[in-house]
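Biologist: I am new to this structure. Please take a close look at one part of it, the largest nonpolar core, and walk me through what surrounds that core.

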Amino acid sequence: MRNATTTTTTLVVVIILAVCLANSSAFLGTGGASRASKIVTTTTTTSCRPRKISPSTERMLRLKLSSSSSSSSSLEDIKKKQPQQQPTMVYALILGSMASFVLDNVLKVQLFQSFYLNHFQWKWWQLITSTFCHANRSHLSGNTFLLLLFGRSVEDELGSPGLLVSYLFCGILANVVSLFLLPRHTVSLG
């Protein structure tokens, strides 16, 4: 039974890593380059993700550009000014959490036991390290899903450093609150 659980855990981690790597290669611009050149994209002020424009909207943009006397740029110039997506902090945080999960729960590295926030004898650095520790697969999956869901939006607004500061601030604040509200025999994880 123990080997089946370890095998299942490893399989889930490998699948999530593959999805993260596939998404990061899509943001780097690898794959689908010929298809991407046929799609006209634009960005909104609230999101850096490109979106498809309908043919009627493209025609309207072309008419506005051609009728505007002060604008000498074309639709192709607008396409060239699109920001290139880079690998994001979201994927770095997910990979860090997965690496710590594999080292702690699959490979059973004893060092990771000291990363947990032990409420009886806590150390200052455990407020940070425990945010990357997860008790089981469902805990890791839930946190990964929510980080993918909300992390991209936060990163679009605040950038990679802003997301990292936000992630650490929220994690440390949650750990401090748990120190005050939970019993002293509690051990807290991410």
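Modeller: Accessible areas here come from the Shrake-Rupley method with a 1.4 Å probe. On that basis the protein exposes about 12,100 Å². Carbon and sulfur atoms supply 66% of that area. Keep in mind that this is a predicted model.

Some background comes before the core. The protein has 190 residues, and 28% of them count as buried. Seven helices and four strands are present. Along the sequence they follow the pattern α-α-β-β-α-α-α-β-α-α-β. Take the contacts between residues at least 6 apart in sequence: 70% of these join residues at least 24 apart.

Now the core itself. In soluble globular proteins, nonpolar side chains tend to be buried together. The largest nonpolar core here has nine residues. They are Val 90, Leu 93, Ile 94, Met 98, Phe 101, Leu 140, Leu 147, Leu 163 and Tyr 167. Two elements give two or more residues each: helix H5 (89–106) and helix H7 (137–181). Helix H5 gives the most, with five residues.

Tyr 167 deserves a closer look. Its relative accessible area is 19%. The cut-off for buried is under 20%, so Tyr 167 counts as buried. Leave aside residues up to four places away in sequence, and Tyr 167 touches Leu 93, Ser 97, Thr 131, Phe 132 and Leu 147. Among these, Leu 93 and Leu 147 also belong to the core.

One of those contacts brings in aromatic rings. A pair of aromatic rings is described by the distance of the centres and the angle of the planes. A search of the whole structure finds two aromatic pairs. Phe 112 and Phe 115 form an edge-to-face pair, 4.9 Å centre to centre, with 75 degrees between the planes. Phe 112 counts as buried, because its relative accessibility is 9%. Phe 115 has 21% relative accessibility, so Phe 115 counts as partly exposed.

The other pair leads back to the core: Phe 132 and Tyr 167. This pair is tilted. The ring centres are 5.6 Å apart, and the planes make an angle of 45 degrees. The pair links distant parts of the chain, 35 residues apart. Phe 132 sits in the loop between helix H6 (126–129) and H7. Tyr 167 lies in helix H7.

To put the part together: Tyr 167 is a member of the core, touches Leu 93 and Leu 147, and pairs with the ring of Phe 132.

Methods
Residues numbered from 1 in each chain as written. Predicted model: local features only at pLDDT ≥ 70, side-chain atom pairs only at ≥ 80, totals over all residues. Heavy atoms only, no water. Core = buried A, V, L, I, M, F, W, Y, C linked by side-chain atoms within 4.5 Å. Buried < 20%, exposed > 50% of the residue type's maximum accessible area, 1.4 Å probe, protein only. Contact = heavy atoms within 4.5 Å. Phe/Tyr/Trp six-rings, centres within 6.5 Å; stacked < 30°, edge-to-face > 60°.
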